[in-house]
Amino acid sequence: MEQVLLFGKNGYDRAKEVKEFDETKGGVKGLVDSGIVKFPRFFIHPQESLDTNSTSCLFHVPVIDFTGYEMCSSRRLEIISEIKEASEKWGFFQMVNHGVPVCVMDEMLNVIREFHEQPSEVKKEWYSRDPKVKVRYFSNGDLLVAKAANWRDTILFDFQDGPLNPQAYPLVCREAVSKYMEHIMKLKEILSELMSEALGQKRDYLESIECMKSETVVCHYYPSCPQPELTFGTTKHSDPSSLTILLQDTIGGLQVLHQNQWVNVNPIHGALVANIGDFMQLISNDKFISVEHRVLAGRVGPRVSAACHVYPNTCRKYKPIEEFTSNENPPKYRETNITEYLAHFRSKGLDGIKALPYFRL
Ligand code: OGA
Ligand code: NI
């Protein structure tokens, strides 16, 4: 019995292996560079989750062309209606002609790759799990609580308390990240207006309730994986944010769960992916849905992505908005704030179980 407690069911000291890996500060990239052909056991996912690896070609994630969003034209209304439909049925859509220059996106992906491919002595300086550190690099944010680790390293930029001085960014990515964020902030404003209208509200609605107040940007690096059939790039999860704006390179591997089938979010050069987060589902009383997605590990890599998670005001409490509730459709969630929501989300780690039902009335 004691043996089981100390070494886990598989008879090895998992906590010790995890700690040793964390202390290398080299991440998954470090393992690959060391030439491993078999990875440590804590990367192996339970058979049940690996069993669901079949992919459906029956469905296609909606692609929305933003050309003409700014005009009081019929096209603007069409865009709003496409966003509404995608947010209700998929919780996901891809955006093209969204105004963020393709060269700015390409450069962003390049510098993320460059950051992660720096000599480990340079990169190590940024390794941290301290949430007070606004720019930090780590492998698996939930490494110490998760049942299985993902084949992924991350550099995170935390803008929750407002803009950061770019001097605080690693030199390799300073310029490109600043430029990218400038453009993403503009797109965020545009999406805030269009989504307000897609919810049947006035254009400034989501802004007035500070639903899209601040951001955390996580820039992921998924090295090529020697045993992709045993692990994931990212475990199935839904985002705790209000909205996520995701940039992915052209390698592929991102999938969304639609009608109980895994559907590829096929990379389109120049496109950005938007997905509804749990908090938007909560305040819209399930009108817009926050859908589970995952990233497959692949033999071909590295894959690089940047997810801008947009969050509501941390000081404010939210509950399902009255307009979305009625006698027939009572509020489905209790009042909460994003700090409490994230605390619950993080306490679980990415375990494949949604955080939202915990807040259900
Ligand atoms: C995320 C996420 C997907 C990707 O960061 O929440 O789902 O493609 N990322 O990296
Ligand atoms: Ni996500």
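**View 1. Polar side chains meet the oxygen atoms of ligand 1 in this predicted model.** An N or O atom in the side chain of His237 lies 3.1 Å from an oxygen atom of ligand 1. Tyr222 places a polar side-chain atom 2.6 Å from an oxygen atom of the ligand. His309 does so at 3.4 Å. The protein covers 94% of the 290 Å² of accessible area that ligand 1 has on its own.

**View 2. A shell of residues surrounds ligand 1.** Among them are Val218, His220, Leu246, Val295, Arg303, Ser305 and Ala307. What kinds of residues make up the shell? Five are nonpolar, five are polar and two are charged. The space that ligand 1 takes is the largest pocket.

**View 3. Strands supply residues to the shell around ligand 1.** Strand S6 spans 214–222, strand S12 spans 293–296 and strand S13 spans 303–311. Each of these strands supplies at least two shell residues. Which strand gives the most? S13 does, with four residues.

**View 4. His293 belongs to strand S12 and to the shell around ligand 1.** Is His293 buried or exposed? His293 counts as buried because its relative accessibility is 7%, and the cut-off for buried is under 20%. The His293 side chain makes a polar contact with the side chain of Asp239, at 3.0 Å. Asp239 is also one of the residues around ligand 1. The side chain of His293 also reaches the backbone oxygen of Val291, at 3.0 Å.

Terms used. Residues are numbered from 1 along each chain as its sequence is written. Chains are lettered from A and ligands numbered from 1 in the order in which they are written. This is a predicted model: local features need pLDDT of at least 70, side-chain atom pairs count only at pLDDT 80 or more; totals for chains, interfaces and linings use all residues. Side-chain values use heavy atoms; hydrogens and water are left out. A residue is near a molecule or strand if one of its heavy atoms lies within 4 Å of it. A polar contact is a pair of N or O atoms within 3.5 Å; within protein, one must be able to donate a hydrogen and the other to accept it, and residues adjacent in sequence count only if both atoms are side-chain atoms. Accessible areas come from the Shrake-Rupley method with a 1.4 Å probe; for residues, only the protein chains shown count as cover. On a 1 Å grid over the protein atoms alone, a cavity is a set of points where a 1.4 Å probe fits but cannot get out, and a pocket is an open set with protein on both sides within 12 Å along at least five of seven lines; lining residues have an atom within 4 Å of a point. A molecule sits in a cavity or pocket if more than half of its atoms lie within 2 Å of its grid points. Ala, Val, Leu, Ile, Met, Phe, Trp, Tyr, Cys and Pro count as nonpolar, Asp, Glu, Lys and Arg as charged, and the others, Gly among them, as polar. Buried means under 20% relative accessible area, exposed over 50%, partly exposed in between (1.4 Å probe, protein chains only).
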